[in-house]
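Biologist: I should like to go through the strand pairing and the nonpolar cores of this model. Please give the criterion behind each term as we proceed.

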Amino acid sequence: AELVLGDGVTAMADLRRAAWGDDTRLALAGTATQPGDLGTAAAANVADLAGLGSNIQATVRKLSDDVNDVKVLVLGDSTASQAGQWPYLLMPQVQALYPHRTLRQRVWNTGSSSYDAPTTVAAGTGSAFIDFYQGAVSGTVPESVFATMAAQVADVQPDLIMVHYGHNYGKDAAGGGQPDDVTMDYVFRERLTRFIAEIKQLCPQADIMLTSQNPYLTSGARYQISNVRAQAIRGICADFGLAYGPILEAYLDTGNAAAYIGADGLHPFNSGTYNGAALAASAILPFFHGSVSAPVSARVASPFTLPGINLLTNGTFSDFAAPPALPGWTASAVTLSKDTTNYESKNGWAVKGVTTGTGNGSMYQLLPIRRVRGQVITFAGRFYIPAAQVSSQPGRVQLSSDAGFGAVTSGALTNVRDRYVWAFVTGRVPTASTYVTASVIFGTGAVGQEASIDRASLVLGHFPRDTTT
């Protein structure tokens, strides 16, 4: 089969038909001689698919071997977690490509905050396993995982992580708690970037696939909101060297995406003629086709593990001898003190801020304008917010400038409490700017809002960095 790359929808449709046939079933010709081998008559299809699957080829080649178990973790919302949705259909099909492996399934239990005991889904002919960790949970967003990140993700140390989020950020800006579409789009990319960066830091040897989602067709939803989110997802995949799972494209290719989605306009059908779950699985399965010639892509490390030059003054907060005065920073509507209980750095403290009035309770500093003028910069802060703090406003960073820049602020740290997490914001400083201010916001609009910040960094480029420890 020959794939001629034209527009994205046509190209994906051609690729899917080349691999699956028009009736979405994989027609294998020839005789498979090795685990995962599609047979000689299907070699052309494998060559076309190799480029798509290259970002998970370390996992695919391990599947082909008959030694060591392979762990596949799925994280996502209800369109990945509900019974009969695409992960539950995909994994038995993956096992069928590698029949020497037994497929075991473990489902995340939100009550016990642990995975249930494994159950056998399909028996293999060999001694090795595919362990499918179903970590997706209905009603969640990436921040929902932070509280259980150790048990749900880090302790698993999977070979492959498939990430499927977005719907629960809302059908429009207001539904997502954002003032406008521009802010909504920025915050979506910020939150998903942070999530991938943290996963990469915890599981540096894992292959990662980030998928788009089925169209969001609920009444009143923003026009093509799933397409807008898919654009951000593709950009993150390019930034991090991830595999991109084209689930949205699979729906669009049909020419009648709505037929595959239930009456709520959001959850796909998982049975019948218009089985949206099967459609999504068909978009992902080609990545698992074995090909010895497919390249193994380099994994891009988490930006939080990479070096960078911090342009902030006293971003470590090490010079905090006489609270509430913090050298290099100016406090506004906030009282600063040492938090000697919740900290990460070698200082033995973080900086706690408690708001004293209305507006932003913050600390700020001016950046070296000649160094940042005309540059893309990223400002990041490492925050801790106590569980008792019910407001969603504490723990944000902001960049502000003149020459039409205005102010850009990181998204609220919703669902993240009693643990440290990064907040960051990115912007390009206009060449006509005369100043740039970097602000740490501890709270907004009320007295007594509280957050602690362990360290902060401001670097050139669009990736946050952890420049100090």
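Modeller: Let us begin with strand β15, where Ala407 is the bridge partner of Ser400. The model is predicted.

Biologist: How do you know that β14 and β15 are paired strands?

Modeller: Two strands pair if there are at least two bridges between them. Strand β14, residues 396–401, is joined to β15 by four bridges, so the criterion of at least two is met. The two strands run antiparallel.

Biologist: What makes β14 and β17 a pair?

Modeller: Six bridges link β14 and β17, in the antiparallel sense. Within this part of the sheet, Val397 stands opposite Val440 of β17.

Biologist: What joins strand β12 to β17?

Modeller: Seven bridges do, and the sense is antiparallel. Strand β12 covers residues 360–366, and Gln365 has Ala438 in β17 as its bridge partner.

Biologist: In what order do the strands of this open sheet lie, and which are called edge strands?

Modeller: The order of the five strands is β9-β12-β17-β14-β15, with antiparallel pairing. The edge strands are β9 (330–332) and β15 (406–409), because each pairs on one side only. Neighbouring strands of this sheet are turned by 25° against each other on average, direction ignored.

Biologist: Why is strand β17 described as mostly covered?

Modeller: A residue is buried if its relative accessible area is under 20%. In β17, residues 436–444, eight of the nine residues are buried; therefore eight of its nine residues fall under that 20% cut-off.

Biologist: Which strands make up the open sheet that contains β18, and what makes β10 an edge strand there?

Modeller: Five strands form that open sheet, in the order β10-β11-β18-β13-β16, and the pairing is antiparallel. Strands β10 (334–339) and β16 (420–428) are its edges, since each pairs on one side only. From one strand to the next, the twist averages 35°. Six bridges connect β10 with strand β11, residues 350–355, in the antiparallel sense, and Thr335 stands opposite Val354 in β11.

Biologist: What makes a set of residues a nonpolar core, and how many residues has the largest?

Modeller: The members must be buried nonpolar residues joined through side-chain atoms within 4.5 Å. The largest such core has 75 residues, and Met363, Phe379 and Leu399 have the most contacts inside it. Apart from that core lies another, of 38 residues, including Val74, Phe132, Met162 and Met209. In soluble globular proteins, nonpolar side chains tend to be buried together.

Technical notes:
Residues are numbered from 1 along each chain as its sequence is written. This is a predicted model: local features need pLDDT of at least 70, side-chain atom pairs count only at pLDDT 80 or more; totals for chains, interfaces and linings use all residues. Side-chain values use heavy atoms; hydrogens and water are left out. Axes are lines fitted to C-alpha atoms, for helices over the stretch in contact, and angles run from 0 to 180 degrees between N-to-C directions. Buried means under 20% relative accessible area, exposed over 50%, partly exposed in between (1.4 Å probe, protein chains only).
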